[in-house]
Each structure stands twice: as structure tokens, then as C-alpha cells.
Amino acid sequence: MTRTVAQVIVDGLAELGVGQVFGVVGDALNPLTDAVRTTEGIDWTGFRHEEAAAFAAGAHAQLSGELAVCMGTVGPGSVHLLNGLYDAAKSGAPVLAICGQVPLSEVGGDYFQEVDNDLLFRDVAVYRATVTSPAQMPRLLETAVRAAVTGRGVAVLTVPGDIGDREVEEDRPARFALPRPAVTRPDDPALAEAAAAIGRGSRVTLLVGRGAREAREEVLRTAELLAAPMVLTLKGKEGFEVDNPYEVGQTGLIGNPAAARAMEGCDTLLMLGTDFPYRDWYPRDCRVVQIDTREERLGRRVPVDVGLAGDVGATLRALLPLLAPVPSRSHLDEARERYAEWRKGQAGLADPAHDERLPGRVRAALDNREADIRPEALAAAVDRHAADDAIFTSDTGMATVWLSRFVRMRGTRRLIGSYDLGSMANAMPQAIGAQLWAPDRQVVAFCGDGGLGMLLGDLMTIRSERLPVKLVVFDNRRLGMVKLEQEQAGLREFGTVLDNPDFAAVAEALGLTGVRVTAPGDLDEAVREALARPGPVLLDVLTNPAEVAVPGRPTVSQGWGFALAKIREILPSGAR
């Protein structure tokens, strides 16, 4: 039987192993969604907003390493996909977006809802094409899928509304011929050059990112041989944070003094699978050797003495026999001691009884706070009670700061967020994608109140799909990171206050379990019960909006700016 364009696309995706399509239905997509409805092995997951669908698809692709698919109908439906697709692209997630378009005969005439998809997606997509004839199927589908998978990015296939239900005359099954990832390493002269550069150092530090995750054994052996402290990027937490006697946490604004000192005090930096973007946090006047699978990343953040393009594991296996042990462990020991001291202090901040131990005058000043619950205590409680195979997502902002400092990636825990694009509102829809990928695992979203409010409607998707997602809301009634940035610049807080509803009550009204916590003494049990309860739960915790996360290397200008901001807070509103 002759198939339609839509059926060829859906059959090809099902045969590839795509089990779900995320999106919002619409007239231009009707042939495609009907084909999903009638095809076994592939399901439709309907969202309330296309942006949430794209975030979910990106999360699914990041966790599985395989192609995920989302759909948006003509015009605004496609536009709404864009932010989630940018997140997928910057995260290296293979996602195919299938977009509707006005009827082919109307293209170019400024028709109702017409948007130039080729122009719209030009910056975000590794491949984009519009189906203008049934004879192009399944070739364009095969090309789009190969581009997304091999390019680790977004491919966009646009299907006009009068094309999807047309029959493909010369029908054949789609053949994708996806290559297996190649495991490569540099040639021997390049390895010898890198070994010589590393060998000249006596204080070596490793900066390790997600690109080294599959090379844990080789990375640990390298750290032992070089007596090197291991600084992790946020994305490097997963796989390297636990049972690692070399780990000293993260650097950057969310980092700690031990990691900052390990970077500043090294004479040789070995970068493994990381594209850490913050140039101010790299050491100066030291040798740098970088290993990455993508050549274009070598040297683009910091000048590199030796750049090695190749798989981190394969490259280290070839490099290790060429390296001599570093005899002194003082650099490592100093960093680990600083890190242990910092973590002890952080544990004190996370103690619900922390404020009770403060001097009386300080406690009296704190009595005027809007909420008593410390965000550190909330994050630490989630860490204690969450499963060892939990999947975590986090909203950009202070929610990510607290997760980075207090949630340890033990067991087989996974972690994703908008850590490259830095979008708000990502945690909840990414948790939906994670839960659909792993229905039997616990999924915990660290939601900022600002981020949750942006895509609040997709709480209904969680309910309608009966997903047991756990949403932990850091409800400080602020855009907390923006508030902190304003204060560090010496500015009066402005535009950051949020007039939030009772999020737990909203959740209850939408059919989820809602729990609201306002007192420190209730926190631990509330977290334990929320994570243990079957079905979806929203835990709304009123946290202290004045809590500050001190960066790993605070500057005088930041301190002065913060002091000025606090002085301006007590001045009349018309004063500067």
C-alpha cells in the first residue's frame, strides 16, 4: 500500500527506535500526529507549550545519547520551539524538530501565520530543509536524522500543511546508516609533545568536564600519577564527584576557594573533556594541555601549549605510559585540606539549627527576614533523601548554585540543566523528558520560583501523563541570581521581587500533590515524605531571599559593591 509523506516520516522514526514525540498539535501537523496515533511503537506526548516540549526532547536526548523528536505547528508553534532547541544545540543533544508550514501554494505570500522557517532556524540548526515534494521522501528524513545524530545538534524538517497527506509514489523504507562513534587519539609525536609539557610541571591541576565521563578510570590514574587536584566543571560532577580522593569541587562563581586556589597555584593545567567558558577563572602564566574530541574547542577559552584532538579515554591510555610520577603531593594535599575545610563550613550552613547558634544581636536582626528556611538546608535535605539513581535537573540561577554545592552525584545519579544556554524555566520540562526516558527512576527538579512561573502551564502535562516527577521549588520570591548580580555591582535591588502564589495550592488545583513548608523544623520530614510519595509532587519551600552564595574567589570590588547596595537599601527610595 502506498504511504503518505507523514506516514513515511513516522514509520522511519519508529523503526529507528524513537518511542515518543513531544509537541503541541496543530492543523499543519494533523497528518503527522494522526500517523503517530495509528503507528505502534511510537507515542505522542502533548504539552501545553512548545518550548517545554523542546526542552523535554533535549533532556531525553542528553540522557539517552539518542535522537529525540519534537513538533511545532505552523508559525507561532514553530517559534515557540526555538528556546528549547537552542538549549539542545548548545548542549550537543541530537534533536529532530518537525515543523508545520502554510500550504505550499501560499509560501512567500505573507499568508496567515507564515514564518520563514529556513531563516528562523538558521542559527540553531545543523540542518534544515522544507519538504516540497513527496518524491523527496524518505531521503530528506534520512539526511535530517543523520545530521542531528552525527552533528550532535538540532535538525529541522518543515512539512507544509498540504504535503503531509500526499502519497509517496516510489515508496521505500528509510535507511539511516548511522555510523558508530569513532574512538580516536592523537598521533605519537603529539602525545610525546604533551608528555614533555606535562613533565615540566611540579604542580599540576586537572580541569575535568562531562566529555571525560566515560574515562573515569583513566582520569583517576592520571590524577594519582601527577598528584593533581581535580577541579570539576558543573557538568563534570556526574561521574567524578564521589569516591574520588583527588576531587576539590567546582571553580567559577558557583565554586569554592579550594578549587580556585588549585587553579591559581598550578604551573600546569590539564583540561580533559571540558569547554569551561569563564576565562577569568583560568590560571595565568602556566602551561596548558587540552584534550577534547572536538578540535574547534582546543584553545578557544585559554591559550593552549599543546592541544590534543581525540577521545579522552583513548588519549589518556596512550599518554599515561609517557608520563613520569610527580614526587611531591603537596599541591594535592593543600587543595584537599582546603576543600575539606570549606565543605565543613558548608555543612554548617546547611544545618537547620545554624541560625540558633549565632550571637543574640545577629539573631535579632535575622528575625525580620521574610522566611527562615535556608536554601542550603533544603538542598542538603534533598541530597540526603533522594535515591542513589535519581535524575536531577536545575533551573538556571540560585537553584543551580545550591545543587552544585550540596547535592553529590553518588551512585548512578544523573544531572542535566541549561548549563550552556543558561535559560530560565528549563528544570520542570527537562524533568518531564527525563521521567519519560526513565519511568522507573526518581526525577527531582530544582526549580526557581521565577523559572517555574514561566512555564507553569506544563504542570498539567505532568498530571495528564501521570509522571511521578518531584518538583522542589526554592521559593524566595526573587529572581535571586539577578538580585545578587545587582548587589555585587553596588546597585539597589530593582525588578527582582516576585509576587508569587502559593505554588503548593496551585499544584493541588491542577491535580498534583502540593506541600508547602514555611518553618525550618518541618523541612527534613517534608522533603523525605515528598520524595517518597507516589505520583507527582510539588514541594514549595519558602527560603530566605537574603541568603548569599560567596564565590570561590571573592573580589574587593564585589565586596564593595555589596556594601553599597546594602547601604542604598536603607536610604529613601528616591535616593541613589
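The crossing of helices α14 and α21 is right-handed, a term used when the near helix is turned clockwise from the far one by less than a right angle, whereas an anticlockwise turn is called left-handed. This is a predicted model, in which local features need pLDDT of at least 70 and side-chain atom pairs count only at pLDDT 80 or more, while totals for chains, interfaces and linings use all residues. Residues are numbered from 1 along each chain as its sequence is written, and side-chain values use heavy atoms, with hydrogens and water left out.

**The helix pair**

Helix α14 spans residues 375-385 and helix α21 residues 523-532, and their axes come within 9 Å and cross at roughly 45°. Helices (H or I, at least four residues) and strands (E, at least two) are DSSP runs numbered from the N terminus, and axes are lines fitted to C-alpha atoms, for helices over the stretch in contact, with angles that run from 0 to 180 degrees between N-to-C directions. The two helices α14 and α21 are therefore oblique to each other, since angles under 35 degrees count as roughly parallel, over 145 as roughly antiparallel, 65 to 115 as roughly perpendicular and the rest as oblique.

From α14, Ala377, Leu378, Ala381, Val382, Arg384 and His385 meet Leu523, Asp524, Val527, Arg528 and Leu531 of α21, where contact means heavy atoms within 4.5 Å. By class, this contact of α14 with α21 has seven nonpolar, one polar and three charged residues; Ala, Val, Leu, Ile, Met, Phe, Trp, Tyr, Cys and Pro count as nonpolar, Asp, Glu, Lys and Arg as charged, and the others, Gly among them, as polar.

**The nonpolar cores**

The largest nonpolar core has 53 residues, and those with the most contacts inside it are Cys70, Leu85, Val95, Ile462 and Leu471. Such a core is a set of buried Ala, Val, Leu, Ile, Met, Phe, Trp, Tyr and Cys residues joined through side-chain atoms within 4.5 Å; buried means under 20% relative accessible area, exposed over 50%, and partly exposed in between, with a 1.4 Å probe and protein chains only. Helix α3 (residues 50-64) gives the most to this core, with nine residues. A second, separate core of 38 residues includes Ala380, Trp402, Tyr419 and Val537.

**A covered helix and its surroundings**

Helix α11 (residues 312-319) is mostly covered, with six of its eight residues buried, namely Val312, Gly313, Ala314, Thr315, Leu316 and Leu319. These buried residues of α11 pack against α7 (188-199), α8 (216-226), β10 (268-272), β11 (287-292) and β12 (306-309). In helix α8 is found Thr222, which touches Leu206, Leu270, Leu316 and Leu320, not counting residues up to four places away in sequence.

**Backbone features**

Most residues other than glycine have a negative phi, and most peptide bonds are trans. Against that background, the peptide bond from Met137 to Pro138 is cis, with omega near 5°, and Pro138 has its place in the loop between β5 (125-130) and α6 (139-150). Two alanines with positive phi are set out below.

| Residue | Phi | Loop | Relative accessible area |
|---|---|---|---|
| Ala177 | near 45° | between β6 (154-160) and α7 | 67%, exposed |
| Ala227 | about 50° | between α8 and β8 (230-232) | 2%, buried |
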